[in-house]
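Work through the exercises below with the model open beside you. Try each task before reading its solution.

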Amino acid sequence: MKAIHQAVEAFDAAIASGDAVAADFQFHKAICKATGNPYFSSFLEFLGYHIIPRQTVRVQVSSSEEMTRYLQKVAREHHQIVTAIEARDGAAARRAMGRHLTRGRDRYANLVSTVDG
């Protein structure tokens, strides 16, 4: 839990800079490691930073405020995941992570459609 909390706090702190990719990846790595399943961690390492949508598609946002709002949405999802993990509610944690990954995929699709025009 300590590593997960440190990662979520690092992500929250990185929102101000607009560049939270490394902190986002660390958050996911901490959760993978906490599962105790080495395949999760090795798969995430295989995917690397490319799993973070805004890392894969460099998109221009109209303002730093827009990027802050975007990152705050991601942070809320991270906090929902952490809350479920802390409660030792596996079903809620799976749902929260599932929503986060689905929304991440949707955000990725929106970024790609924006770039492709």
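Four exercises follow, each with a worked solution.

This is a predicted model, where local features need pLDDT of at least 70, side-chain atom pairs count only at pLDDT 80 or more, and totals for chains, interfaces and linings use all residues. Residues are numbered from 1 along each chain as its sequence is written, and side-chain values use heavy atoms, with hydrogens and water left out.

**Exercise 1.** Work out how α1 and α2 are arranged and which residues make their contact.

*Solution.*
- Step 1: take the axes, which are lines fitted to C-alpha atoms over the stretch in contact, with angles from 0 to 180 degrees between N-to-C directions. The axes of α1 and α2 come within 8 Å and cross at roughly 165°.
- Step 2: classify the angle. α1 and α2 are therefore roughly antiparallel (over 145 degrees).
- Step 3: list the contact (heavy atoms within 4.5 Å). From α1 come Ala 3, Ile 4, Ala 7, Val 8, Ala 10, Phe 11 and Ala 14. From α2 come Ala 23, Asp 24, Gln 26, Phe 27, Ala 30, Ile 31 and Ala 34.
- Step 4: sort them. Twelve are nonpolar, one is polar and one is charged.
- Step 5: recall the helix repeat. An α-helix has 3.6 residues a turn, so residues three or four places apart point the same way.

**Exercise 2.** Find the angle between α1 and α5, and sort the residues where they meet.

*Solution.*
- Step 1: locate the helices. α1 covers residues 2-14 and α5 covers residues 64-86.
- Step 2: read the geometry. The angle is about 165°, with the axes 10 Å apart. α1 and α5 are therefore roughly antiparallel to each other.
- Step 3: name the residues. α1 supplies Ile 4, His 5, Val 8, Phe 11 and Asp 12. Its partners in α5 include Leu 71, Val 74, His 78 and Glu 86.
- Step 4: sort the contact residues of both helices. They divide into eight nonpolar, three polar and two charged.

**Exercise 3.** Decide whether His 28 and Glu 77 are buried or exposed, and find their polar contacts.

*Solution.*
- Step 1: place them. His 28 is in helix α2 (residues 21-35), and Glu 77 is in helix α5.
- Step 2: check accessibility, where buried means under 20% relative accessible area and exposed over 50% (1.4 Å probe, protein chains only). His 28 is at 12% and counts as buried. Glu 77 is buried at 4%.
- Step 3: look for polar contacts (N or O atoms within 3.5 Å, one able to donate a hydrogen and the other to accept it). The side chain of His 28 makes one with the side chain of His 100 at 3.1 Å. The side chain of Glu 77 makes one with the side chain of His 100 at 2.5 Å.
- Step 4: add a long-range pair. His 28 and Met 97 are 69 residues apart in sequence, yet 9.9 Å apart in space, C-alpha to C-alpha.

**Exercise 4.** Describe both ends of helix α3.

*Solution.*
- Step 1: start at the N-terminal end of α3 (residues 38-47), which Asn 37 caps. A side-chain oxygen lies 2.9 Å from the backbone nitrogen of Tyr 39.
- Step 2: go just past α3. Gly 48 takes a positive phi of about 65° there.

Definitions and conventions:
Helix = DSSP H or I, 4+ residues; strand = E, 2+ residues; numbered from the N terminus. Parallel < 35°, antiparallel > 145°, perpendicular 65-115°, else oblique. Nonpolar A, V, L, I, M, F, W, Y, C, P; charged D, E, K, R; others polar.
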